[in-house]
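Got the viewer open? Here is a short tour, one selection at a time.

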Amino acid sequence: MKKPARVFSEVIKHLFKKPATCAYPFEPARIMPHFRGRIAFEQDKCIGCQMCVRVCPSKAIEIVLSKDQPPAPAPVEGQPAAPAKKLFDCIMKLDHCVFCAQCVETCPKKALIMTQDFELAHVDRKELRRHYGK
Amino acid sequence: MESILPLAYIIVFPGFLFLAVYGLLLQWVDRKLCAVMQNRMGPPWFQPYADFIKLLAKEVIVPDYAESRMFRALPFFAMAAVMTALVSIPVWTPGALFSFQGDLIAVIYLLTIPTVTFFLAGWSSTSPYSTVGSMRVLTQLFAYEVPLMLALIGPAILAGSWSVSEISAFFAAHPSLIPAQLLGFGAALIALQGKLERLPFDIPHAKNEIVGGQFTEYSGRLLDFFLLAVDMELVVGAALVNAVFLGGTLGLAGLAGVGVFLVKTLFITFLLALLKVLMARIRIEQMINFCWKYLAPVAMAQVAFDIFLKSKLG
Amino acid sequence: MSKITIPLGPQHPALKEPENFMLVLEGEQISGATVNLGYNHRGMEKAAEERTYIQDLYLIERVCGICSHSHTTCYITNVEELAKAETPKRALAIRALFGELERVHSHLLWLGVAGYEMGFETLFMYTWRDREQVLDCLELLSGNRVHYSINTLGGVRRDITAEQKAEVLKRIQYLKERTNYYIKLATEEPTVLARTQNVGKLPLDVAIERGAVGPTARASGLARDVRKDEPYLIYNELDFKVITHDSCDVFGRLVVRALELVESYKMIEQILNNLPEGPIAVKVPMRIAPGEAVNHYEAPRGEDIHYLKSNGTDKPERLKVRAPTLANLQSVAYMLEGGWLADVPLVIAAIDPCMSCTDRAAVWDPKKGKTQVYGWEELRKMSIEQYRRRGVDFTRL
């Protein structure tokens with residue numbers, strides 16, 4: 001059964017409707033909660049186990065020792081000297097990252113956090129190499 | 001002053017400048033309407049102008065195997081022919097700038113020239129896509145040209161004149177006869193859609209079949225003028241259909257005449273845009289079938305009806 | 001009339017991915033067609049041998065953007081088989097749910113592409129607008145629109161909450177209505193019928209002979225569907241029909257895909273309403289015992305086959321992917337011959353080709369003529385020289 005111009009009524013209806021698209025850079029884009037965006041890092045939780053580095057499919061993470069290490073805690077009388085808690089920096093290469101958030105799941109101390117931040121494009125490639133830490 | 005005025009007519013209004021600006025505006029109206037009907041946003045109003053200026057600044061590349069002189073000259077031929085056609089079509093006054101008995105035929109032939117230049121453009125650029133495109137241009141020309149002519153003949157017979165201005169004056173004087181031309185008007189619009197190579201008849205440059213068709217090898221300024229010629233053809237085609245079927249400016253002149261002209265061409269653009277969104281592109285052999293099996297008989301019926309009407313009216 | 005040979009691709013507006021079809025034309029009709037593969041070879045199978053099983057998961061996902069879940073599910077079934085892991089029922093149900101949502105989004109995408117290739121842009125715009133609904137569902141459930149990464153070794157990564165379930169069901173309801181409209185539109189609009197009927201004929205015997213899979217085979221009347229033939233995940237508990245059509249042309253493929261959409265909606269509702277309780281994942285060791293496994297999966301485009309060989313380490317010894325498009329491409333050359341040039345994009349699109357899936361091995365025939373390979377530096381030098389002749393100096397850039 002042929003009906004010429006079958007889409008006619010739908011087309012005319014849309015003349016009086018708002019467009020379905022949005023002018024994205026000028027309007028905010030709607031994203032769902034728990035969207036997998038940029039990975040953030042909490043330095044004081046990291047124990048430097050390198051699990052995230054091993055599991056990352058695109059080799060986007062590096063965990064390195066921080067430049068400034070905190071001093072060792074003052075020795076307490078009668079106990080062996082406690083070692084200083086080491087601080088680690090995280091280098092996140094956003095141009096490598098595939099935003100799978102596997103590192104977030106693997107991290108035993110929850111030092112890596114998934115954010116909803118997705119507007120990461122940059123003209124300078126160096127800016128994509130985020131150095132988290134002091 | 002006497003000699004400057006016609007020159008101003010040709011260059012400024014309703015000549016080249018008006019045609020270019022209005023053509024690009026109609027392109028925007030067309031794109032915007034299609035976008036809205038497809039539930040999109042569509043481009044901002046200055047998009048065609050920005051595109052035009054941007055393309056002007058781009059490098060022109062002429063293929064090594066192309067006939068260089070012809071390749072460069074063709075866009076200007078297309079544009080000149082379209083502009084010449086407008087001179088005989090009434091725009092803002094009941095009569096055209098230069099009107100003579102038989103200018104309807106002249107206009108039809110002037111409007112064929114761009115199509116022929118499209119063919120030559122594709123043929124002279126010698127790449128496979130443009131060769132196929134130009135073959136399609138010619139095949140399509142044979143499909144829509146006859147229905148278009150037949151459709152335009154009907155009103156001419158009724159008005160008893162071969163002059164566009166007189167036909168439009170006739171319909172302005174007898175507006176009750178306009179609805180009687182509905183069949184011919186529809187046939188002319190569909191044939192015009194074919195002439196302008198717009199969906200569903202954009203077969204010669206169907207991008208997902210043969211890339212850019214006849215324009216594949218064109219770039220920069222030359223492509224720009226070709227595209228401008230197509231936009232101008234839209235204005236001239238709309239003006240022609242308006243003058244022949246809808247009584248032109250309805251006898252008004254001056255600003256009111258311009259207003260009527262703008263409203264009517266915008267309306268015709270809307271109808272053309274509607275045709276564009278309603279259908280899928282058809283194959284070239286289906287187009288020929290359609291034009292000869294349905295469109296030409298419809299136009300013929302209109303001519304027969306007009307002859308009958310003419311004998312009744314005396 | 002003299003014959004001309006037209007290259008369709010590797011760069012062509014009708015093809016979304018690089019692939020080459022050499023068409024011999026007699027006027028508008030095609031007298032011969034050859035398919036050349038290998039423009040999109042990325043060496044993924046080799047790359048998979050260099051990575052651990054969990055890293056491979058995200059690599060395999062990127063074999064294809066549209067059937068990303070199909071590939072990972074097929075791969076992970078192999079891994080779990082080798083590791084002898086007991087995947088929880090709830091995880092299997094969620095995998096099946098994603099598989100069906102993916103089928104919906106792939107088929108809606110195809111419907112739009114078909115509309116675009118036949119020059120029916122309104123259909124294209126409408127279907128892609130509605131496809132956003134299912135993409136939003138996927139984003140809501142998994143956190144991303146295209147690479148859902150829902151699978152993990154031994155289960156799935158995210159659970160489905162009651163609110164999410166309600167939201168998905170609401171959107172599926174909307175999509176159901178729209179799909180019914182598109183089915184009416186595609187089967188009643190004369191220009192669509194003119195463009196699709198009797199185009200790209202693939203008779204049943206040829207379809208069997210050339211090993212067509214998925215909707216392409218089903219539109220030739222071949223009831224071949226892995227979900228029914230050899231149910232995986234929880235498909236044996238779901239109630240659905242295998243859609244076939246016997247018109248053997250592009251129209252049949254359109255109808256099959258449209259009706260499969262309706263079946264998928266049914267399945268999504270069934271899965272969501274009877275989601276088994278329990279954990280969503282079990283632990284799987286990093287090292288997998290030596291062994292071999294082959295599995296197949298009904299991807300939106302057809303049967304997807306994965307072969308996996310493990311060697312006791314945490315990295316696979318060998319991975320082989322046979323994507324559905326490779327099976328269907330054999331039929332394309334047959335379908336193109338004798339047809340019209342205008343139908344080429346539609347016929348190619350009708351198998352829903354995914355070249356990035358397909359190009360896993362490249363064969364190059366050097367006998368075809370002298371081939372010169374230009375490196376980046378040479379190309380740069382040549383272009384600088386070219387522009388210097390025109391009076392533009394780019395050497396300082």
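Start in chain C and select the loop between helix 7 (190–196) and helix 8 (204–209), where you'll find Asn198(C). Keep in mind that this is a predicted model. Check the backbone torsion here: phi of Asn198(C) is positive, about 60°, although the residue is not a glycine. Most residues other than glycine have a negative phi. Now switch on the surface. Is Asn198(C) buried or exposed? Asn198(C) has a relative accessible area of 58%, and the cut-off for exposed is over 50%, so it counts as exposed.

Zoom out and keep chain C selected. Colour by secondary structure and you should be able to pick out 15 helices and eight strands. Along the principal axes, the C-alpha atoms of chain C fill a box of roughly 70 × 55 × 45 Å. How does the radius of gyration fit with that of a compact globule? A compact globule with 397 residues would come out near 21 Å, and chain C has 23 Å, which agrees. Colour by accessibility next: 60% of the 397 residues of chain C count as buried. If you draw a contact map, look at the pairs at least 6 apart in sequence; in chain C, 70% of those contacts join residues at least 24 apart.

Next, hop over to chain B. The secondary structure here is twelve helices and zero strands, so reading along the sequence gives α-α-α-α-α-α-α-α-α-α-α-α. The radius of gyration of chain B is 19 Å, close to the 20 Å that the globule rule gives for 314 residues, so chain B is as compact as a globular protein of that length. The box around the C-alpha atoms of chain B is roughly 60 × 55 × 40 Å, taken along the principal axes. Buried residues account for 56% of the 314 residues in chain B. For the contact map of chain B, again taking pairs at least 6 apart in sequence, 79% of the contacts join residues at least 24 apart.

Staying in chain B, select residues 16–37 and 47–56, which are helix 2 and helix 3. At what angle do these two helices pack? The angle is about 125°, and the axes are 8 Å apart. Helix 2 of chain B and helix 3 of chain B are therefore oblique to each other. Show side chains for the contact: helix 2 of chain B brings Val21(B), Leu24(B), Leu25(B), Gln27(B), Trp28(B) and Arg31(B), while helix 3 of chain B brings Gln47(B), Pro48(B), Tyr49(B), Asp51(B) and Phe52(B). Sorted by class, that contact has seven nonpolar, two polar and two charged residues.

Now move along chain B to the loop between helix 5 (103–125) and helix 6 (128–159), and click Thr126(B). Here is another positive phi in a residue other than glycine, with Thr126(B) near 60°. On the surface, Thr126(B) counts as partly exposed, at 43% relative accessibility.

Last stop, chain A. Select helix 3 (residues 102–106) of chain A and pick Thr106(A). With a relative accessible area of 19%, Thr106(A) is buried, since the cut-off is under 20%. What does the side chain of Thr106(A) reach? Draw a distance to the backbone oxygen of Gln102(A) and you'll get 2.7 Å. Then show the surroundings: leaving aside neighbours within four places in sequence, Thr106(A) is in contact with Met51(A) and Val55(A).

Conventions:
Residues are numbered from 1 along each chain as its sequence is written. Chains are lettered from A and ligands numbered from 1 in the order in which they are written. This is a predicted model: local features need pLDDT of at least 70, side-chain atom pairs count only at pLDDT 80 or more; totals for chains, interfaces and linings use all residues. Side-chain values use heavy atoms; hydrogens and water are left out. Axes are lines fitted to C-alpha atoms, for helices over the stretch in contact, and angles run from 0 to 180 degrees between N-to-C directions. Helices (H or I, at least four residues) and strands (E, at least two) are DSSP runs, numbered from the N terminus. Angles under 35 degrees count as roughly parallel, over 145 as roughly antiparallel, 65 to 115 as roughly perpendicular and the rest as oblique. Contact means heavy atoms within 4.5 Å. Ala, Val, Leu, Ile, Met, Phe, Trp, Tyr, Cys and Pro count as nonpolar, Asp, Glu, Lys and Arg as charged, and the others, Gly among them, as polar. Buried means under 20% relative accessible area, exposed over 50%, partly exposed in between (1.4 Å probe, protein chains only). A polar contact is a pair of N or O atoms within 3.5 Å; within protein, one must be able to donate a hydrogen and the other to accept it, and residues adjacent in sequence count only if both atoms are side-chain atoms. The radius of gyration is taken over C-alpha atoms; the globule rule is 2.2 Å times the number of residues to the power 0.38.
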